[in-house]
There are 2 protein chains.
Amino acid sequence: MSIAAAALDVRQASRFFKALGDETRLRIVALLSHGELCVCHFEAALGLSQPNASRQLGVLRSAGLVESRREGSWVYYRLAPQLDELSRQQLQALVAAFSRREVIKQDVERLLATRGPDSCR
Amino acid sequence: MSIAAAALDVRQASRFFKALGDETRLRIVALLSHGELCVCHFEAALGLSQPNASRQLGVLRSAGLVESRREGSWVYYRLAPQLDELSRQQLQALVAAFSRREVIKQDVERLLATRGPDSCR
DNA sequence: TCACGACATTCGAATATTGTTATGTCGGTA
DNA sequence: TACCGACATAACAATATTCGAATGTCGTGA
């Protein structure tokens, strides 16, 4: 299946949009545009319970929006390199647009406040 | 609220994506890229029951994705001119990408077959 | 006025999604 | 080995979404 064809699969596209159809997950995506983050960062920046943060990240992962890797005790999440051009463009436009929103700005502030050398305590 | 600001409202964006997070509604949007259509066209082209077609169109309308106008007995739907640049770009990219999919092609074939002079009988 | 067609809405059952609490898993460390 | 912290998963109740069947609304034409 070509890259272009993958981009256009209707079922895949609906999963992609469904995953983005939630405020919390949109805010997670916005934070991830600042780079790799572990679960505890989302808990702190977005005020999520640990299981909830984990589950929302799981939704984004099954939709192919993010990837994760383990490093010691921590699991780091990052935006997945999108398989298709459509998803890539959508995500990029979204992140660029969101960076100006007040809600998102505050999320980022809280993020930076908790991302020092001792970030995950 | 400026155009750019409207584009970036997190709640609004989540509604937008949520409305697109469904195969049927994605196919409706794809069909609408061919121009204004009335409810009976969606019933025929997508094999939807009348109440279901009406309801899905209602979801797209409350999310600001489509607009409608009545003409005699029929109600015509069209893609709404998006208030914000982000939504506009997302929709345009989506529609362009979908036009090549097999599922969508077949939808369009069925659409054209039922869109003659006696389209709504 | 009545009947009909096109569409919208309501209702109810099935299903899916949500967030919390409790528990399980896996690395790191003693 | 045992314990602890970070994260994932399970189980549950609350809520939301889904679709079909039935019903309501509105415009048209007799």
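Which of the 22 residues around DNA strand D come nearest? Select Q50(A), S54(A), Y77(A), R55(B) and Q56(B), and you have them. Here a residue counts as near a molecule or strand if one of its heavy atoms lies within 4 Å of it.

Before going on, some housekeeping. This is a predicted model, in which local features need pLDDT of at least 70 and side-chain atom pairs count only at pLDDT 80 or more, while totals for chains, interfaces and linings use all residues. Residues are numbered from 1 along each chain as its sequence is written, chains are lettered from A and ligands numbered from 1 in the order in which they are written, and side-chain values use heavy atoms, with hydrogens and water left out.

**Stop 1: DNA strand D**

Keep strand D on screen and colour its backbone apart from its bases. Sugar and phosphate make up 62% of the strand D atoms that come within 4 Å of the protein.

Now zoom in on Y77(A): an N or O atom of its side chain is 2.6 Å from a phosphate oxygen of DNA strand D. That is a polar contact, meaning a pair of N or O atoms within 3.5 Å; within protein, one must be able to donate a hydrogen and the other to accept it, and residues adjacent in sequence count only if both atoms are side-chain atoms. Hop over to N52(B), where a polar side-chain atom lies 3.4 Å from a phosphate oxygen of DNA strand D. For a base, pick R55(B): an N or O atom in its side chain is 3.3 Å from a base nitrogen of DNA strand D.

Switch to cartoon next. At least two residues each of the surface near DNA strand D come from α4 (39–46), α5 (50–62) and β3 (74–79) of chain A, and from α5 (50–62) of chain B. These labels are DSSP runs numbered from the N terminus, with helices (H or I) of at least four residues and strands (E) of at least two. α5(B) gives the most, with 4 residues.

Colour that surface by residue type and you get 9 nonpolar, 7 polar and 6 charged residues. In this scheme Ala, Val, Leu, Ile, Met, Phe, Trp, Tyr, Cys and Pro are nonpolar, Asp, Glu, Lys and Arg are charged, and the others, Gly among them, are polar.

**Stop 2: DNA strand C**

Over to the other strand. Of the 21 residues around DNA strand C, the ones to select as nearest are R55(A), Q56(A), Q50(B), S54(B) and Y77(B). Among strand C atoms within 4 Å of the protein, 59% are sugar or phosphate and the rest belong to bases.

Show the side chain of K18(A), which has an N or O atom 3.2 Å from a phosphate oxygen of DNA strand C. N52(A) also puts a side-chain N or O atom 3.2 Å from a phosphate oxygen of that strand. Q50(B) goes for a base: one of its polar side-chain atoms lies 2.8 Å from a base nitrogen of DNA strand C.

In cartoon view, α5 of chain A plus α4 (39–46), α5 and β3 (74–79) of chain B are the elements giving two or more residues to this surface. The largest share, 4 residues, comes from α5(A).

**Stop 3: where the chains meet**

Hide the DNA and select both chains. Chain A can be laid on chain B with an RMSD of 0.0 Å by a turn of 180° and a shift of 0.0 Å along the axis, superposed by least squares on C-alpha atoms of residues with pLDDT of at least 70 in both. The two copies are thus related as by a two-fold rotation axis.

Look at the interface: 28 residues of chain A are in contact (heavy atoms within 4.5 Å) with 28 residues of chain B. The copies meet through the same surface, because 100% of the interface residues of chain A are also interface residues in chain B.

Finish with the salt bridges (a side-chain nitrogen of Lys or Arg within 4 Å of a carboxyl oxygen of Asp or Glu). There are 4 across this interface. One to display is R101(B) with D9(A), whose closest N and O atoms are 3.6 Å apart.
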